[in-house]
Amino acid sequence: MNRATLIGNLTKDPDMRQTQSGVSVCTFTLAVQRRYADQNGEKQADFFNVVCWRGLADNCGKYLTKGSKAGVHGSIQNRSYEDKQGTVSYTHLRAHET
C-alpha cells in the first residue's frame, strides 16, 4: 500500500496551470520538519514536491500561499525530471481528495 500523510509549510506560492484539455493542476513544495534535531541541535526539514489535480488543485491555488501550513494525504511516486534551472527532481507526492 502506498499512502503518505505529511504536514508542513509551503516554500513558495503554489504554481497553478491547466492541461491542454483544461484540467487544473497545482504544484507546490512542502517543507516537512524532521522529528529530531541534528548534531548541532538544529531542526532539519525534508522537501516534497506535491501535485494536485482538478478541484483539489483549484482549492490549493486559491487558498494556499508561501508559508501556509498544509496537510497532504496522497501517494508517493518516484519520477525523474530536470527543471528549467537544470535541477533534477526524483520524487513527488500526488495528493488525493479525502
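Where is Thr-65 found?

## The loop between H1 and E5

Thr-65 is found in the loop between H1 and E5. This is a predicted model, so please read every value below as computed from predicted coordinates. With a relative accessible area of 41%, Thr-65 is partly exposed. Leaving aside its neighbours within four places in sequence, Thr-65 is in contact with Leu-10, Asp-13 and Pro-14. Looking further along the chain, Asp-83 follows 18 residues away, and the C-alpha atoms of Thr-65 and Asp-83 are separated by 21 Å.

Ser-68 lies in this loop between H1 and E5 as well. Is Ser-68 buried or exposed? Its relative accessible area is 17%, and because buried means under 20%, Ser-68 counts as buried. The side chain of Ser-68 reaches back to the backbone oxygen of Thr-65, at 2.9 Å. Not counting residues up to four places away in sequence, Ser-68 touches Gly-8, Asn-9, Leu-10 and Tyr-63. Leu-10 therefore appears in the contacts of Thr-65 and in those of Ser-68, where the cut-off is heavy atoms within 4.5 Å.

## Into strand E5

Moving on from the loop, we come to Gly-71, which is found in strand E5, residues 69-82. Gly-71 counts as exposed, at 63% relative accessibility. Its contacts, not counting residues up to four places away in sequence, are with Leu-6 and Ile-7. Strand E1 spans 4-10, so these two contacts of Gly-71 fall in that strand, as strands are DSSP runs. His-96 is 25 residues from Gly-71 along the chain, and the C-alpha atoms of the two are separated by 11 Å.

## Helix H1 and its two sides

Helix H1 covers residues 54-63. Which residues are buried in H1? They are Leu-56, Ala-57 and Cys-60. Seen down the axis of H1, these buried residues fall within an arc of 100°, so they line one face of the helix. The face turned away from that buried side carries the exposed residues Arg-54, Lys-62 and Tyr-63. Tyr-63 is also one of the residues that Ser-68 touches.

Arg-54 deserves a second look for its backbone. It lies in helix H1, and its phi is near 55°, a positive value in a residue other than glycine. Most residues other than glycine have a negative phi.

## The nonpolar core

How many residues does the largest nonpolar core have? It has 15, and those with the most contacts inside it are Phe-28, Leu-30, Val-50, Cys-52 and Cys-60. The elements that give two or more residues to this core are strand E1 (4-10), strand E3 (24-37), strand E4 (43-53), helix H1 (54-63) and E5. E3 provides the largest share, 4 residues.

Cys-60 ties several threads together here: it is one of the buried residues of H1 and among the core residues with the most contacts. Not counting residues up to four places away in sequence, Cys-60 touches Pro-14, Cys-26, Phe-28 and Cys-52. Pro-14 is also in contact with Thr-65 of the loop.

## Cysteines without a disulfide

Cys-52 and Cys-60 are both core residues, and each is buried: Cys-52 at 2% relative accessibility and Cys-60 at 11%. Why is there no bond between the sulfur of Cys-52 and the closest cysteine sulfur? That closest sulfur is in Cys-60, 3.8 Å away, which is too far for a bond. A disulfide needs the two sulfur atoms within 2.5 Å. Seen from Cys-60, the closest cysteine sulfur is the one in Cys-52. A search of the whole structure finds 0 disulfides.

## Salt bridges

The count of salt bridges comes to 2. One joins the side chains of Arg-17 and Asp-15, at 3.6 Å from N to O. Arg-17 is partly exposed at 40% relative accessibility, and Asp-15 is partly exposed at 41%.

In another salt bridge, Asp-46 pairs with Arg-34, the closest N and O atoms being 2.7 Å apart. This pair links distant parts of the chain, with Asp-46 in strand E4 and Arg-34 in strand E3, 12 residues apart. Asp-46 counts as partly exposed at 28% relative accessibility, and Arg-34 is partly exposed with a relative accessible area of 42%.

Definitions and conventions: Residues are numbered from 1 along each chain as its sequence is written. This is a predicted model: local features need pLDDT of at least 70, side-chain atom pairs count only at pLDDT 80 or more; totals for chains, interfaces and linings use all residues. Side-chain values use heavy atoms; hydrogens and water are left out. Buried means under 20% relative accessible area, exposed over 50%, partly exposed in between (1.4 Å probe, protein chains only). A nonpolar core is a set of buried Ala, Val, Leu, Ile, Met, Phe, Trp, Tyr and Cys residues joined through side-chain atoms within 4.5 Å. A polar contact is a pair of N or O atoms within 3.5 Å; within protein, one must be able to donate a hydrogen and the other to accept it, and residues adjacent in sequence count only if both atoms are side-chain atoms. A salt bridge is a side-chain nitrogen of Lys or Arg within 4 Å of a carboxyl oxygen of Asp or Glu. The arc is that of the directions from the helix axis to the C-beta atoms.
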